[in-house]
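Here is a short tour for someone who is looking at this model for the first time. Have the sequence and the 3D view open while you read.

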Amino acid sequence: MARGSEFAQALCRLCADVCQSCADECAKHQMDHCQRCAEACDKCAEECRRMAQMA
């Protein structure tokens, strides 16, 4: 992103998709560590989407 790569936006979107997929899967399980993982992955996906808009 710092050098204005033409791939930055696509990479950030891909990261968001991967994090969201992980969050969705972990959210299906009621164990505490799975719920914490889902929350962390949701936050990561949100940040990656934000970064994609900046790229």
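What follows goes from the overall build to the salt bridges and then to a few single residues.

**Ground rules**

This is a predicted model, where local features need pLDDT of at least 70, side-chain atom pairs count only at pLDDT 80 or more, and totals for chains, interfaces and linings use all residues. Residues are numbered from 1 along each chain as its sequence is written, and side-chain values use heavy atoms, with hydrogens and water left out.

**The overall build**

Start with the fold: the chain has two helices and zero strands. Both kinds of element are DSSP runs, numbered from the N terminus, with helices being H or I of at least four residues and strands being E of at least two. Helix α1 covers residues 8-27, and helix α2 covers residues 32-54.

How does the chain fill space? Its C-alpha atoms take up a box of roughly 40 × 15 × 10 Å along the principal axes. The radius of gyration is 13 Å, while a compact globule of 55 residues would come in near 10 Å. That radius is taken over C-alpha atoms, and the globule rule is 2.2 Å times the number of residues to the power 0.38.

Of the 55 residues, 24% are buried. Here buried means under 20% relative accessible area, exposed means over 50%, and partly exposed is in between (1.4 Å probe, protein chains only). The chain has about 4100 Å² of accessible surface, and carbon and sulfur atoms account for 56% of that. These areas come from the Shrake-Rupley method with a 1.4 Å probe, and for residues only the protein chains shown count as cover.

Now for contacts, meaning heavy atoms within 4.5 Å. If you take those between residues at least 6 apart in sequence, 54% join residues at least 24 apart.

As for charge, the chain carries 7 positive and 9 negative charges, and their mean positions are 4 Å apart. Lys and Arg count as positive and Asp and Glu as negative, while His and the chain ends are not counted. Each charge is placed at NZ of Lys, CZ of Arg, CG of Asp or CD of Glu.

**Salt bridges along helix α2**

How many salt bridges does a search of the whole structure find? The search turns up four, a salt bridge being a side-chain nitrogen of Lys or Arg within 4 Å of a carboxyl oxygen of Asp or Glu. Here are some of them, with their N to O distances.

| Acidic partner | Basic partner | N to O distance |
|---|---|---|
| D32 | R36 | 2.2 Å |
| E39 | K43 | 3.4 Å |
| E47 | R50 | 2.4 Å |

Take D32 and R36 to begin with. They sit four residues apart in helix α2, so about one helical turn separates them. D32 is exposed at 51% relative accessible area, and R36 is partly exposed at 49%.

E39 and K43 are also in helix α2, four residues apart, which is about one turn of the helix. E39 is partly exposed, with a relative accessible area of 47%, whereas K43 is exposed at 53%.

With E47 and R50 the spacing is three residues in helix α2, so about one helical turn lies between them. E47 has 34% relative accessible area and is partly exposed. R50 counts as partly exposed too, at 40%.

**A few residues to find in the view**

Some of these residues make handy landmarks. E47 and V18 are 29 residues apart in sequence, and their C-alpha atoms are 12 Å apart in space. E25 belongs to helix α1 and is partly exposed at 39%. The C-alpha atoms of E25 and E39 are 11 Å apart, with their positions 14 residues apart along the chain.

Q53 lies in helix α2 and is exposed, at 68% relative accessibility. Q53 and R13 are 40 residues apart in sequence, yet 9.1 Å apart from C-alpha to C-alpha.

What does R49 touch, leaving out residues up to four places away in sequence? The residues it touches are A16 and Q20. R49 is in helix α2 and is partly exposed, with a relative accessible area of 41%. R49 and H29 are 20 residues apart along the chain, and 25 Å separates their C-alpha atoms.
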